[in-house]
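Got your viewer open? Load the model, switch on a cartoon view, and keep the selection box handy.

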Amino acid sequence: MAAWIVGAGLLLTGIETNAQSLPKEAAARVEIHAIPTLTLSDQQFLTGDANGKPATVAGEFRIAQGNGRLPVVVLMHGSSGVGAAMEPWVHHFNAMGISTFVIDGFTGRGLTVVGPNQALLGRLNLIVDTYRALDILSHHPRVDPERIVLMGFSRGGQATLYASLDRFNKLWNKSGAQFAGYIPFYPDCSTTYATDTEVAARPIRIFHGTPDDYNPVASCKAYVARLQEAKRDVVLTEYPDSQHAFDAGLLGVSTTTVSANAQTARNCHIKEGEGGVLMNADTQKPFGYSDACIELNPHVGGNPATAEQAQKAVSEFLKVVFRLG
């Protein structure tokens, strides 16, 4: 089946159905798209070196009920890959008349999870995947190319946040289109990139939890302050009593657990150095996941109340960006 998808580029897993017979959260059509991409080191990404390893990842495109060209939210997973917590978002957006495109950046690279070993995939690869998805969607006959928003969670939130950088768009976004907005959930903001306050003239809305000890909100606050000083359209919404992955509360999850052996850069200060080398700012040596600042066993947990608040805030944001209703 995987070979068939790669060869054909597209697998149709459903047919257009009479919308009157479907619940509003059901997609009218589902397509699986092959996404040609690259696996790159962070240095290759930062220097624009495209001599990476070719890879083909996949995207599930759920076309919402409605006619003509519809808005789309592209969703990028975190270090555990596409999981159950993505489903409430997909169904919610589809119910709003917004199509969804869920990227699986792992399976096509032979990965399932990277939490216990983040070195398995460079920190910036998922950004390339999002741009390649944008290219596919911006040329799709059922998509309004002016109304595509990127949303991501944890590692995918990090990709979403930094996909907004003008420099990265110029290096890697060959679609001729641009995301209409960026919605990072609990991203890692511990890295400072060159010219990282020069971002697309599009709104960025970050959602984070106060007690998050996986990707602490403090580093995101510092970055947001720099972006706001540069007069960028960015807002950070912080929720109390909300651990990493708090939107699992949309599934009814209300417990907190340890993400066993997962690596966290919560105490790291990383900055881009000469020649695109990521440096540990504290040691002034190239950064690696064996550095002393890397710790293990952060917490994850859902909060139904704040998850619902965040979902409502995202919905209101999308209504404005997509000019709905």
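Start with the small sheet: four strands form an open sheet in the order β8-β13-β14-β15, with mixed pairing. Two strands count as paired if DSSP finds at least two bridges between them, and the elements themselves are DSSP runs numbered from the N terminus, with helices being H or I runs of at least four residues and strands being E runs of at least two. Select 191-192 and 285-286 to see the edge strands β8 and β15, each of which pairs on one side only.

Before you go further, some housekeeping: this is a predicted model, where local features need pLDDT of at least 70 and side-chain atom pairs count only at pLDDT 80 or more, while totals for chains, interfaces and linings use all residues. Residues are numbered from 1 along each chain as its sequence is written, and side-chain values use heavy atoms, with hydrogens and water left out.

Now add 278-280, which is strand β14: two bridges join β14 to β15, and the two run antiparallel. To find the register, pick Met279, whose bridge partner in β15 is Pro286.

Next, pick Gln284, in the loop between β14 and β15. Its phi is positive, about 60°, although Gln284 is not a glycine. Is Gln284 buried or exposed? Buried means under 20% relative accessible area, exposed means over 50%, and partly exposed is in between (1.4 Å probe, protein chains only). Gln284 has 56% relative accessibility, so it counts as exposed.

For another positive phi, jump to Tyr186, where the angle is near 35° and the residue is again not a glycine. Tyr186 is in the loop between β7 and β8. At 4% relative accessibility, Tyr186 counts as buried.

**Over to β9**

Select 204-209. This is strand β9, and six of its six residues are buried. Show side chains and look at both faces: Ile204, Ile206 and His208 are on one side, Arg205, Phe207 and Gly209 are on the other, and all are buried.

Which strands pair with β9? One is β7 (181-185), parallel to β9 over two bridges, with Tyr182 standing opposite Ile204. Another is β10 (234-239), also parallel, joined to β9 by six bridges. Here Ile204 stands opposite Val234. Follow the chain from β9 through helix α7 (217-229) to β10 and you trace a right-handed β-α-β crossover. To check that by eye, point the strands away from you: right-handed means the path from the first strand over the helix to the second runs clockwise.

**Then β4**

Select 70-76 for strand β4, where seven of seven residues are buried. Six bridges join β4 to β6 (143-153), and the two run parallel; Leu70 has Val143 as its bridge partner there. Five bridges join β4 to β5 (99-104), again parallel, and Val72 has Ser99 as its partner in β5. The chain goes from β4 through helix α3 (86-95) to β5, and this β-α-β crossover is right-handed.

**A helix pair**

Keep α3 on screen and add α8 (304-321). The two pack at an angle of about 40°, with their axes 12 Å apart. Axes are lines fitted to C-alpha atoms, for helices over the stretch in contact, and angles run from 0 to 180 degrees between N-to-C directions. That angle makes α3 oblique to α8; under 35 degrees counts as roughly parallel, over 145 as roughly antiparallel, 65 to 115 as roughly perpendicular, and the rest as oblique. For the contact (heavy atoms within 4.5 Å), show Pro88, Trp89, His92 and Phe93 of α3 with Ala310, Gln311, Val314, Ser315 and Leu318 of α8.

**Two last picks**

Click Asp129, in helix α4 (125-138). Asp129 is buried, with a relative accessible area of 0%. Leaving aside neighbours within four places in sequence, Asp129 is in contact with Ile35, Thr37, Val57, Met76, Ile103, Gly105 and Arg109.

Finish at Glu295, in strand β16 (295-296). Glu295 has 30% relative accessibility and counts as partly exposed. Apart from neighbours within four places in sequence, its contacts are Ala262, Gln263, Thr264, Arg266 and Asn267. Try the distance tool from Glu295 to Ala230: they are 65 residues apart along the chain, and their C-alpha atoms are separated by 32 Å.
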